[in-house]
Amino acid sequence: MHHRNGSFRSSSLFRFFQSLPFFLVFAVAAFPARAVAQQKQEEMPFIEPAEHSRMVKARVLPPHPNLTGAWQTLANEMPINPVHVALMHNGKVLVISGSGNDPDNHVLEAGVWDPPTQTVRTFRITWDMFCNGMVILPDGRPFVLGGTKKYDNFLGEPLTAAFSPATESFAATAGMGAGRWYPTATELGDGSVMVISGLNDTTGSVNTSIQRYQPATNTFTSAGTSFPGVPLYPRQNLLPNGKVFESGANFNSMMYDPATTTWSAVANTIFGKNRDYGTSVLLPLTPANGFKPRVIIAGGGPGGINVTATTEIIDLSAATPAWTAGPNMVHPRIQMNGTILPNGRVLMSGGSATDEDPSTGTLEAELFDPGSGTFSSAGSMEFARVYHSNTLLLPDATVLAVGGNPQRTVYEPHIEIYSPPYLFTGSGGPAVRPVIASVPPELHYGQTFPVKTPDAASVKEVVLIRPGAVTHAFDMDQRLVGMTFTPAPGGLSVKAPVNGNLAPPGYYMLFIVNSAGVPSVAGFVHLGSGTGHDGDGGDHGGDHGGDHRGRKKPG
Ligand SMILES: [Cu+2]
C-alpha cells in the first residue's frame, strides 16, 4: 500500500458539534504540515486536492453520542511514530518512538504529549527503545526494558531506563544481561517487575530467562524460565492471588507463580490457534464482583492471518478455569486495543481484518460490558489503527488513540480522542460530572481515607485505575480496582485496596462515578508506600508478590 488510507478519507458532513466536553478549543486550524514520516516515503501518495483546503479536522457528532460516545480528531498531529505510550501521574503522556520502525533513522526520539495543550515536546534518546516492554514503577517512573539493538535480523537490547516525569528525561537503570526485543513487563504485588520473552542480543532467538527487577536496589534477579513456545509480547496480568495469568498469543493459557517461579497449564482457548496481536484485558476487580479475576481475550489471528472477530472470557476464580465464548466483535480485529473506562466498560477499538492493511481497518469501536457480557457500539474512529497503534485512558475519562504503522517509515499521525457515552446527555450536550474536591496524595493498603466531594449523595462507585502503558495491542499496566465507601462529612470515606496483589504499588487515577454512570475527572493518588494498616509494605520490599499465595481474595 502506498498511502495512509485513513488520512484521505473525506470525513465530516457537518461541523463538529460545538459542545464536546473535551478539547473544545481546537477550532479552526490551517491544515498542518504533513507528518515527517510521510516526507520519508519513497513514493508520494496521491492527495485529494480537497485535502489541502480542509481547515478543520473534525467530525460530525454522531446521532446519539449518549449511546455511542463520539470520536474527535485533533488539529495537532503526532510528530513521531507513537509506538509506545504511557500515562504519567502528572497527566502527561510519555510517547516512545526510538527509531520508529525505520532502520535508517538514527535520530532516536521520544516525547511528552500534554493533553490540555495537545502539544508534544520531543527529544533525543540515547539508545533504541523501539519495541521495548514498559510498565510504570511504584515511584511513578515509566520503566523501559529492552528494545531494538539491530534490525533485520532483529536483535534485542539488554538495556533498561527509567523516565522522570518531573525532569522529562531518561536515566539508565540496571542492564538485563541479555537482550529483549518484544518483551513483556508485569508489575507484581510487591512493586517488583517481572520481565519475560523478547529476542536476545546474540542469536535473535527468544530470551527464555525470566527476570525480576527490584526498584529499591536497581537489580535484576533470575526468576525462572519461560514456558516452551512463549510468544513475543506475552499477554500477562497479575491476579489478586499474586500469580500471573498469561493469555496469549498462544492458545494454551498459562499461570506463573512468582513464589516458585514455575508455570502451570490453565486452559486452552476455544479459538485453538494463536491470537497473534489480539488483545487481553483483566476485567474490573470490584467489591460487587468479589474481586473475581476474569480476563477477556479478543481478536488476533495465527501468524497474522485468518483474523478473528471472536472473544473469550475466563473466570480465574473457578476451581478449573475454562475459556467461554464471549460476544463477537463487529468485525475481525488484529492490532486492536482494549481500554478500561471508569464505569467498568472496556473500549475495544482499532485493528484491521488484514494485518498492516488500513484499507481493512475496523473503524467501528465497541464497548464491552463485563456485567451483561455484551458489546454495544462505540461509534467509529476516523482513521484506521493498525500495527503499532495505541489507546490510552486519560484522567478526564476520555481515551487517546494514536498511531498505526502499516509499513516501515509510514505511520498514522492523526490523534483522535474518544469521549465515551457517559460524557453526553440524551440531547447530546455535555453531561454534568461529579466533582472531586480533594483526595489524599498518599494511600496505604487497607486504609480508610476521605474523598471530598459535593456530590457524595449521587456517587455509585469509587474506583482506582492504574495508568496505562500500551504497545503492540496490549496494555501491560492497566487495571481497575473498585473500593467500598460510606458517606462521610464533606464527601466519602473510602477503603483502599487491601494489598499489592489486588492493586500493585504505584500511582492510580481515582474516579468517582455517579448514579447516572458519569465519572469525575480523576485525582491522582499514590498507593502502597509506607506501612499500611495490614502490614503490607508496598514498594519498600514487602514480599507479598508471590509468597502469600494462600492469601484469600480481599472482600
Ligand atoms: Cu514493534
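Reader: Where in the chain does Cys131 lie?

Author: This is a predicted model, in which local features need pLDDT of at least 70, side-chain atom pairs count only at pLDDT 80 or more, and totals for chains, interfaces and linings use all residues. Residues are numbered from 1 along each chain as its sequence is written. Helices (H or I, at least four residues) and strands (E, at least two) are DSSP runs, numbered from the N terminus. In that numbering, Cys131 lies in the loop between strand 5 (119-124) and strand 6 (133-136).

Reader: Is Cys131 buried or exposed?

Author: A residue is buried if 20 or more other C-beta atoms lie within 10 Å of its own, exposed if 12 or fewer, and partly exposed in between, with the C-beta atoms placed from the backbone. Because 28 other C-beta atoms lie within 10 Å of Cys131, this residue is buried.

Reader: What value does phi of Cys131 take?

Author: Most residues other than glycine have a negative phi, and most peptide bonds are trans. Cys131 is a residue other than glycine with a positive value, its phi being near 65 degrees.

Reader: Ser197 also has a positive phi although it is not a glycine; how many C-beta neighbours does Ser197 have inside 10 Å?

Author: Ser197 is placed in the loop between strand 13 (193-196) and strand 14 (209-214), and its phi is about 70 degrees. Ser197 counts as buried because its C-beta neighbours inside 10 Å number 25.

Reader: Which residues does the cis peptide bond with omega of about -5 degrees join?

Author: One residue of this bond, Asn153, is found in the loop between strand 8 (148-150) and strand 9 (155-156). With omega at about -5 degrees, the cis bond joins Asp152 and Asn153.

Reader: What is omega for the peptide bond from Gly248 to Ala249?

Author: Ala249 has its place in the loop between strand 17 (244-246) and strand 18 (252-257). The bond that leads to Ala249 from Gly248 is cis, and its omega is near 10 degrees.

Reader: What share of the residues in the protein is buried?

Author: The secondary structure of the protein comprises three helices and 40 strands. Among the 555 residues of the protein, the buried share is 58%.

Reader: What share of the contacts with a separation of 6 or more comes from residues 24 or more positions apart?

Author: Two residues are in contact if their C-beta atoms, placed from the backbone, lie within 7 Å. Of the contacts in the protein with a separation of 6 or more, the part due to residues 24 or more positions apart is 60%.

Reader: In what order do the four strands of the open sheet that contains strand 1 stand?

Author: Two strands pair if DSSP finds at least two bridges between them. Strand 1 pairs with strand 30 (residues 416-419) in the antiparallel sense over four bridges, and strand 29 (residues 399-403) is joined to strand 30, also antiparallel, by three bridges. The four strands form an open antiparallel sheet in the order 1-30-29-28.

Reader: Which residue of strand 30 is the bridge partner of Gln72?

Author: Strand 1 (residues 70-73) is covered on both faces, with Ala70 and Gln72 buried on one side and Trp71 and Thr73 buried on the other. In a regular strand the side chains alternate between the two faces of the sheet. The partner of Gln72 in strand 30 is Ile417.

Reader: Which residues does Asn405 touch, not counting residues up to four places away in sequence?

Author: Asn405 is found in the loop between strand 29 and strand 30, and it counts as buried because 24 C-beta neighbours lie inside 10 Å. Its C-alpha atom is separated by 9.1 Å from that of Pro82, which is 323 residues apart along the chain. The residues that Asn405 touches, outside those up to four places away in sequence, are Asn81, Asn101, Val386, Tyr387, His388 and Tyr411.

Reader: Which strands stand at the edges of the open sheet of six strands?

Author: The six strands are in the order 5-4-3-2-34-35 with antiparallel pairing. Each edge strand has a single partner strand, so one side of each is left without a neighbour in the sheet, and these are strand 5 and strand 35 (474-475).

Reader: What is the C-alpha to C-alpha distance between Pro489 and Pro454?

Author: Pro489 has its place in the loop between strand 37 (485-488) and strand 38 (491-495), and it counts as exposed because it has 9 C-beta neighbours inside 10 Å. Pro489 and Pro454 are 35 residues apart in sequence, and their C-alpha to C-alpha distance is 9.9 Å.
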